Amino acid sequence: MTESGLVPHLGSCHCGKVRFQVLAAPVLTVWQCNCSICTKKQNHHFVVPDCRFTLLADSASYLTTYTFNTGKAQHLFCRVCGVQAFYKPRSNPDGMGIMPHCIDSDTIVQTIVKHFDGQNWESCIQGSDIIDQSKT
């Protein structure tokens with residue numbers, strides 16, 4: 001654990017071609033969103049600033065991206081196994097949304113679930129503290 005209370009979490013997609021490290025607290029705030037894509041994919045995620053996320057080895061060469069609607073959210077997934085282990089959220093363009101179920105290391109102590117009303121994105125973002133999650 002670092003002085004700031006952050007721990008290195010190691011994660012990957014299903015096939016292991018996409019691997020990453022993220023510095024985050026051992027107790028994670030996980031966002032559960034009800035927008036169309038999050039509902040279809042069960043996209044529960046925690047958010048970290050870009051500077052705390054690192055792709056490992058040649059992982060970038062195995063990523064492909066899906067966008068829709070505004071195109072601001074960048075849904076990255078492994079082109080081999082199709083798993084989305086992380087993505088660039090519309091709410092946090094300066095951060096990454098990480099799927100806690102793709103963390104392989106035994107470093108998550110607890111998850112606290114918060115809900116985000118993605119079906120009413122514009123009104124929900126105004127009163128949500130999700131934006132603060134990608135600030136250092």
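Modeller: Two strands count as paired if DSSP finds at least two bridges between them, and the strands themselves are DSSP runs (E, at least two residues), just as helices are runs of H or I with at least four residues, numbered from the N terminus. This is a predicted model, in which local features need pLDDT of at least 70 and side-chain atom pairs count only at pLDDT 80 or more, while totals for chains, interfaces and linings use all residues. Residues are numbered from 1 along each chain as its sequence is written, and side-chain values use heavy atoms, with hydrogens and water left out.

Biologist: What makes S2 and S5 a pair, and which residue of S5 does Phe20 stand opposite?

Modeller: DSSP gives three bridges between S2 and strand S5 (residues 53-55), and the rule asks for at least two, so the two strands are paired, in the antiparallel sense. Within S5, the residue opposite Phe20 is Leu55.

Biologist: What makes S1 and S2 a pair, and what lies between them?

Modeller: Strand S1 (residues 7-12) and S2 are joined by six bridges, against a requirement of at least two, so they too are paired, again antiparallel. Pro8 has Leu23 in S2 as its bridge partner. The two strands form a hairpin with six residues between them, and Gly16 in that turn has a positive phi of about 85 degrees.

Biologist: Which residues make up the covered face of S2, and what does S2 give to the largest nonpolar core?

Modeller: On strand S2 (residues 19-24) the covered face is made of Phe20, Val22 and Ala24, whereas Arg19, Gln21 and Leu23 make up the uncovered one. A nonpolar core is a set of buried Ala, Val, Leu, Ile, Met, Phe, Trp, Tyr and Cys residues joined through side-chain atoms within 4.5 Å, and the largest such set here has 21 residues, with Phe20, Phe46, Val48, Phe86 and Ile98 making the most contacts inside it. The elements that give two or more residues to this core are S2, strand S3 (27-33), S4, strand S7 (75-78), S8 and S9, and S2 gives the most, with three residues.

Biologist: Why are S4 and S8 called edge strands?

Modeller: The open sheet has three strands in the order S4-S9-S8, with antiparallel pairing. S4 and S8 each have a single partner strand, so one side of each is left without a neighbour in the sheet. S8 and S9 are joined by two bridges, which satisfies the requirement of at least two and therefore makes them a pair; Tyr87 has Gly97 in S9 as its bridge partner.

Biologist: Why is Cys15 not counted in a disulfide?

Modeller: A disulfide is a pair of cysteine sulfur atoms within 2.5 Å, but the closest cysteine sulfur to that of Cys15, in Cys78, is 3.7 Å away, so the distance is too far for a bond. Cys35 is in no disulfide either, since the nearest cysteine sulfur, that of Cys38, is 3.6 Å away. The count therefore comes to zero disulfides.

Biologist: What makes Asp50 and Lys88 a salt bridge, and is each of them buried or partly exposed?

Modeller: A salt bridge requires a side-chain nitrogen of Lys or Arg within 4 Å of a carboxyl oxygen of Asp or Glu, and the closest N and O atoms of Asp50 and Lys88 are 2.6 Å apart, so the pair qualifies. Asp50 lies in the loop between strand S4 (46-49) and S5, and Lys88 in the loop between strand S8 (86-87) and strand S9 (95-98), 38 residues apart. Buried means under 20% relative accessible area, exposed over 50% and partly exposed in between (1.4 Å probe, protein chains only); Lys88, at 16%, is therefore buried, while Asp50, at 34%, is partly exposed.

Biologist: What makes Arg90 a partner of both Glu122 and Trp121?

Modeller: The closest N and O atoms of Glu122 and Arg90 are 2.6 Å apart, within the 4 Å limit, so they form a salt bridge. This pair links helix H2 (residues 121-127), which holds Glu122, to the loop between S8 and S9, which holds Arg90, 32 residues apart. A charge sits over a ring if NZ of Lys or CZ of Arg is within 6 Å of the ring centre and within 35 degrees of the ring normal, and Arg90 lies over the face of Trp121, at 3.7 Å from the ring centre.
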